[in-house]
Each structure stands twice: as structure tokens, then as C-alpha cells.
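Reader: I'd like to learn how to read strands, loops and pockets in a model. Could you walk me through one?

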Amino acid sequence: MSGRRTAATTPVLRRITAEAVLGALVASGELNATDLITATGLSRPTVHSVCDELIELGWVVETGGAAGTSGGSAGEAPGPVRSGRPSRRYSLNEGAAFVAGVDLGATKVTCCLADLKGRIVAERTEAWRDEHVGAPERLRVTRKLLRELLPEAGIDPVSVLSCGIAVPAPVTLDGHAVALESYLPGLAALDLRESLQPDFSWPVLAENDANLAVLAERWLGVAQDVDNVVVLLAGERLGAGICLGGRLIRGVGAAGEMRFLELVEGVGNTDAVGGMCRELGAVATAEIIAGEREEAPGGSALVSLSGRDPGCVTAEIVLEAARRGDPAAVEVIAVVMERTARAAAVVSTLLDPELLVLAGGPAGAGDILLPALEHQLRRLNSAQPRLAASTLGDHSALMGAVRLALDHAFEGLLD
């Protein structure tokens, strides 16, 4: 009986140890056995055995070491001079395989290919021809972009091990998005696990974009080493990625959804910073041009940046105009952040995170948005977590999709 148990658990242990070694090499680059023992808690024989297996598979390379030294970590003084074989050093062969990442956004799709370290080697973005375009067309465009990326990066499709897809809606365990037909027509009816067929047979992992954003922020962004964090995606619609006690909180799939904001006085829906800035900025620009709103002395930055065309106003234009002190743009930001603060106050009061991260397209304007958000939270007498703007720009969900695909690739490495 015990023999059968050992035989059954050996593959599991091999995968766990291999993932631990790979994780350490991804995080730190070239390491020797002592470094890997410290990073993983594994024994020296196990480290060498796992590395030998990973070398045979092509995922790790042995880089050797300087003879006559202890082979300490980079930056450390060498140990006593000793004879014998140099310390073995290992590094990840990041080009041994690749993963794909897709951000299936509300207004555009971004696709990328990344190496085993998660570094993007090729990327393309295409805006939807219409905000109400159906899901089949969205997936056709996604497959087209991936087909174009592969030769551009010089990557054989068989070298791609998996694909992560960020979806602006909850995703069930059976691969279906819980999406309103009026918002993402046709998406709920599709099995996203089959979304790349017939072009590609890669394993596809679909997840809510806010959930992936919090994974990315803890991996590469401003939430590294933070176990209790909420990432507020604030592009077109508000969504929250929640990590408490170091674990992603999904519930049955919709834990970070913000539909409850329809019940919150002063909010009423899930409209987010990017979309609201664009819409309110266009209205303010039209009013200034029509003479219905007083123009700032010296002229309106909103009007000049938009070329006197309200239809050309973007969130970026509004934020830049506010940065220049345009009164109308500053007023738009105040209105938008007052609503956003109410949503943030509810989330912060319920979940008590250490850190609240503003992510998505507007995150690059943290110098304008965060002071306004902090002011409004104080005015609401709300819980006040530490605030930060994402350093990943509009790539937080995309990089989360890459992380999801990498995790799947690592888990299946020794199968």
C-alpha cells in the first residue's frame, strides 16, 4: 500500500520541485546550487537532480562557474580558494518555449507572445470596429493577430505552450463568460477554452481581467510582496481584482464584479475613469465651443488638444488638459474621482486591504488622479488604504494573462 502511495506521489513531487526551481530562476536569473537551496528549501541532491532533468528538457542551461572559488551569488565576495570542480551554475533558457497572452478588452484587443521569463517578444493591438461587435468577430480578430505575431517573432506555433486570455467579465470554471448580451454580445455562449480553434490547439486559460490584473501587480507591479491588495481596473468599466492573505479571491467566479454599484448612492453603475473622462470631457469641450461654458484665460487646453472637435476628446486629452490646469478638465476629474472614491470606499471598508491600486488605461496619470482620490476618500471619512497607480499602464490584465499561461506551462512541464 505504501509503495503504491509513493509511486503515485512521485510525479507530483517532481512537478512541485521543478516548479520551485523554475520559479527561483525566473525571479533571480543565474543561480548556483546554494542559491537554489536557499530559495526553494530543497536539498542539494534534489536541486542538482531537478536541474539535470530540466537541462535535458531544454528549459535550463548550466553556465558553469569560476574555478577555485566558492561560486557564491552575484554581488557576494568569493569564498575561500579551493580546488576541485567549479560550482555548477544554472539559468533559465528563456527562449526554449513561449506563451501567448490576450487582453480581450471592451474597446480593443491586445495580443502578445512572451518567453519563459514573461518578457514580451512581440505584441499587436487592434481596436474593435464597433463597441457592440459580436464575440465571434472578436475571436476571429484575436486569432488573426496571433497568426501575424508568430512569423514576426520567428516563433514556431509548436513552441507556444499555452495561452492566457483576460476577459472583461466573470469567467466560470467551464470556460464561459458571464457577460451581458448588451455589453459583449455572444460571448456568454462561447466556450473560451476553444476560442483559438481551428487556428491553434494551445491550451487556453480564460480569466476575468481584474483578477489577472492583481496577479500581474503582485508579480511585476506596485503590489510585489503585498498580501492584501485590491486592484481597481478603471478603464471603461470598474472591476476589482482581490487578493487577501496572499490568495486570489474568486468566489464562484464573480467576486470582483462591481454590479453592486448600481445600489450605491452617487454612483449608480460601473462606468469607470477612462470612459467617464472621455464622455464628460467631450460635453465640456462642446459647451466651451458653443459659448455655453466660460473659456479659461489664454484659451482652453481641452479645445486645443482635441482640435476643436468634441468627438476627438479622449481620456488622455482630459488628463493632460487637467495637468495643464484647464478649469473644465479639472472639474471633470473632480466629478469622476468623486464617483470613483465612493466605489473605492465601499471596497476598502468591506475588504480592508493594505494597498489599493488604480490600474488600466488611466493609471499613467496617477499624478492627477491619486491626489483627487485621496482627497475624496478623506471627505467621505472612509477607510484609507495606501494608494498607488499601476506602473504597468494598460498592460496589467495582459501581463496577468501571460502569468496565467506561464503557470500552466510550468505545472505541465514534467507530465
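**Reading strands, loops and pockets**

Author: Gladly. Let's begin with one pair of residues: Leu232 stands opposite Leu358 in strand 12. Please keep in mind that this is a predicted model.

Reader: How should I read such a pairing, and how many bridges join strand 9 to strand 12?

Author: The general idea is that strands of a sheet pair through backbone hydrogen bonds, either parallel or antiparallel. Here, strand 9 (residues 229–233) and strand 12 (residues 355–359) run parallel and are joined by five bridges.

Reader: Which way do strand 9 and strand 10 run, parallel or antiparallel?

Author: Antiparallel: strand 10 (residues 239–244) is joined to strand 9 by five bridges. Within that pair, Val230 has Ile242 of strand 10 opposite it. The two strands, 9 and 10, make a hairpin, with five residues between them.

Reader: Next, side chains. Which residues of strand 9 lie on one side and which on the other?

Author: In a regular strand the side chains alternate between the two faces of the sheet. For strand 9, one side has Val229, Val231 and Leu233, while the other has Val230 and Leu232. Both faces are covered, and these residues are all buried. Put as a count, five of the five residues in strand 9 are buried.

Reader: Let's try another sheet. In what order do the strands of the three-stranded open sheet come?

Author: The order is 1-3-2, with antiparallel pairing. Strand 1 (31–32) and strand 2 (60–62) are at the edges with a single partner strand each, so one side of each has no neighbour in the sheet.

Reader: How many bridges does strand 3 form with strand 2, and how many with strand 1?

Author: Strand 3 (residues 89–92) pairs with strand 2 over three bridges and with strand 1 over two bridges. You can follow the register by residue: Val60 is opposite Leu92, Val61 has Ser91 as its bridge partner, and Asn32 is opposite Arg89.

Reader: And the side chains of strand 3: are they buried or exposed?

Author: Buried. Arg89 and Ser91 point one way from strand 3, Tyr90 and Leu92 point the other way, and all are buried.

Reader: Now the backbone. Where is there a cis peptide bond?

Author: Look at omega for this one. The bond joining Gln197 and Pro198 is cis, with omega about 10°. Pro198 sits in the loop between strand 7 (160–167) and strand 8 (204–208).

Reader: What is phi of Asp225, and what is phi of Arg308?

Author: For Asp225, phi is near 70°, which is a positive value in a residue other than glycine. The residue belongs to the loop between helix 5 and strand 9. Exposed means over 50% relative accessible area, and Asp225 counts as exposed because its relative accessibility is 80%. For Arg308, phi is near 60°, again a positive value in a residue other than glycine. Its loop runs between helix 7 (301–305) and helix 8 (315–323). Arg308 has 53% relative accessibility and therefore also counts as exposed.

Reader: Let's go on to the surface. Which residues form a nonpolar patch?

Author: Val12, Leu13 and Ile16 do, with about 260 Å² of accessible area together. To place the patch, find Leu13 in helix 1 (residues 2–28).

Reader: And pockets: how much space lies in the second largest pocket?

Author: The second largest pocket holds about 500 Å³ of space. It is lined by 19 residues, and the closest to its centre are Leu215, Arg218, Trp219, Arg403 and Asp407. Helix 1, helix 5 (209–219), strand 11 (247–248) and helix 11 (396–411) are the elements that give two or more residues to the lining. The largest share, five residues, comes from helix 11.

Reader: One last residue: is Leu406 buried or exposed?

Author: Leu406 counts as buried because its relative accessible area is 1%, the cut-off for buried being under 20%. Leu406 is part of helix 11. As for separation, Leu406 and Pro45 lie 361 residues apart in sequence and 26 Å apart in space, C-alpha to C-alpha.

Methods: Residues are numbered from 1 along each chain as its sequence is written. Side-chain values use heavy atoms; hydrogens and water are left out. Buried means under 20% relative accessible area, exposed over 50%, partly exposed in between (1.4 Å probe, protein chains only). Helices (H or I, at least four residues) and strands (E, at least two) are DSSP runs, numbered from the N terminus. Two strands pair if DSSP finds at least two bridges between them. Patches are made of residues with over 30% relative accessible area and no salt bridge: like charges are joined within 9 Å, nonpolar side chains (Val, Leu, Ile, Met, Phe, Trp, Tyr) within 5 Å. Accessible areas come from the Shrake-Rupley method with a 1.4 Å probe; for residues, only the protein chains shown count as cover. A salt bridge is a side-chain nitrogen of Lys or Arg within 4 Å of a carboxyl oxygen of Asp or Glu. On a 1 Å grid over the protein atoms alone, a cavity is a set of points where a 1.4 Å probe fits but cannot get out, and a pocket is an open set with protein on both sides within 12 Å along at least five of seven lines; lining residues have an atom within 4 Å of a point. Grid points are joined across faces, edges and corners, and a volume is the space filled by probe spheres set on the points.
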